[in-house]
Amino acid sequence: MIEQRDIRAPGRPEAASVTSIVYIVLEKKGKILLSKRSRKSKLAGRWGLPAGHIEDGERWEDTAVREAREELGIDIKHKDLKHVHTLHLKDHDGHRDGFVLRTTRWKGKPKNMEPEKCEGIMWRRTRELPGNTGPHIVLALSNMKKGIISTQYGFSESQPQNQSQNPIEEFSLI
């Protein structure tokens with residue numbers, strides 16, 4: 001029989017369980033598409049970006065393509081998606097890593113395909129976000145506009161926590 005033992009350093013906390021999410025920024029005519037969480041969800045009534053959990057074996061682009069089809073009834077090609085931001089947050093659901101993918105190209109007209117999860121969708125300029133937009137989304141969008149490539153949210157009283165600037169490319173989110 002093999003003896004099992006804990007090899008962690010004394011006092012070291014357990015590793016965090018992290019959920020991976022893909023957020024989709026659909027940009028058209030200077031506006032982005034927002035979706036509103038249903039009253040049954042933990043973030044009831046909040047506006048945010050269309051998003052979904054990464055399923056086993058999926059790449060970020062696979063998740064975005066699947067979620068766009070499931071949630072919005074549109075088709076996006078992998079090659080039209082660009083990773084523009086990373087969001088690391090701690091909230092009521094624990095730790096989450098969000099990979100924000102942006103596109104300006106898709107087929108079909110976005111519509112709410114999951115009314116049980118989403119109360120509605122709307123196009124808005126980032127400077128005109130509704131007051132009940134998720135604060136982590138507001139901060140991430142603001143950081144993207146400034147060329148900041150990652151955001152950390154929910155870890156301490158010293159909010160917000162921003163990360164490094166992207167010296168190579170300016171993000172053109174309006």
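## Helix α2 and the glycine after it

Gly-147 has a positive phi of about 85 degrees and sits just after α2. The model is predicted. Helix α2 itself covers residues 135-145. Its buried residues are His-136, Ile-137, Leu-139, Ala-140, Leu-141, Asn-143 and Met-144.

## Overall layout

The protein chain has 174 residues, and 41% of them count as buried. It holds two helices and nine strands. In sequence order the pattern is β-β-β-β-α-β-β-β-α-β-β.

## The β1-β2 hairpin

Strand β1 spans residues 18-28. Strand β2 spans 31-37. The two strands pair in the antiparallel sense, over two bridges. Together they make a hairpin with two residues between them. Lys-28, in β1, stands opposite Lys-31 in β2.

What is the backbone like in the turn at Lys-29? Lys-29 has a positive phi of about 50 degrees. That is a positive value in a residue other than glycine. Lys-29 belongs to the loop between β1 and β2.

## Other partners of β2

β2 also pairs with strand β7, which covers residues 118-124. Six bridges join them, and the two run antiparallel. One contact can be named: Lys-36 has Gly-120 in β7 as its bridge partner.

Strand β3, residues 47-48, is another antiparallel partner of β2, joined by two bridges. Here Ser-35 stands opposite Gly-48 in β3. In a regular strand, side chains alternate between the two faces of the sheet.

## A positive patch at the surface

Which residues gather in a patch of positive charge on the surface? They are Lys-28, Lys-29, Lys-109 and Lys-111. Two of these names return from the hairpin: Lys-28 is found in strand β1, and Lys-29 lies in the loop between β1 and β2.

Is Lys-29 buried or exposed? It counts as exposed, because its relative accessibility is 74% and the cut-off for exposed is over 50%. Lys-28 is partly exposed, with a relative accessible area of 39%.

## A buried arginine in β6

Arg-96 is placed in strand β6, residues 94-103. Its relative accessibility is 8%, so it counts as buried. The cut-off for buried is under 20%.

Arg-96 and Ala-16 are 80 residues apart along the chain. Their C-alpha atoms are separated by 9.7 Å.

## Salt bridges

The count comes to 11 salt bridges. One of them pairs Glu-55 with Arg-66, whose closest N and O atoms are 3.4 Å apart. This pair links distant parts of the chain, 11 residues apart. Glu-55 is in the loop between β4 (51-53) and α1 (60-72), and Arg-66 is in helix α1. Glu-55 counts as partly exposed at 44% relative accessibility. Arg-66 is buried, with a relative accessible area of 13%.

Arg-69 forms a salt bridge with Asp-75. The closest N and O atoms of this pair are 3.0 Å apart. Arg-69 counts as partly exposed at 45%, and Asp-75 is partly exposed at 40%.

## A loop-to-loop tie and a network

The side chains of Arg-105 and Asp-80 meet in a salt bridge, at 3.9 Å from N to O. Why does this pair tie together parts that are 25 residues apart in sequence? Because Arg-105 lies in the loop between β6 and β7, while Asp-80 lies in the loop between α1 and β5 (82-91). Arg-105 counts as exposed at 51% relative accessibility. Asp-80 counts as buried at 18%.

Salt bridges that share partners also build one network, which joins Glu-55, Glu-58, Arg-66, Glu-67 and Glu-70. The Glu-55 to Arg-66 salt bridge described above involves two residues of this network.

Methods: Residues are numbered from 1 along each chain as its sequence is written. This is a predicted model: local features need pLDDT of at least 70, side-chain atom pairs count only at pLDDT 80 or more; totals for chains, interfaces and linings use all residues. Side-chain values use heavy atoms; hydrogens and water are left out. Patches are made of residues with over 30% relative accessible area and no salt bridge: like charges are joined within 9 Å, nonpolar side chains (Val, Leu, Ile, Met, Phe, Trp, Tyr) within 5 Å. Accessible areas come from the Shrake-Rupley method with a 1.4 Å probe; for residues, only the protein chains shown count as cover. A salt bridge is a side-chain nitrogen of Lys or Arg within 4 Å of a carboxyl oxygen of Asp or Glu. Lys and Arg count as positive and Asp and Glu as negative; His and the chain ends are not counted. The place of a charge is taken as NZ of Lys, CZ of Arg, CG of Asp or CD of Glu. Helices (H or I, at least four residues) and strands (E, at least two) are DSSP runs, numbered from the N terminus. Buried means under 20% relative accessible area, exposed over 50%, partly exposed in between (1.4 Å probe, protein chains only). Two strands pair if DSSP finds at least two bridges between them.
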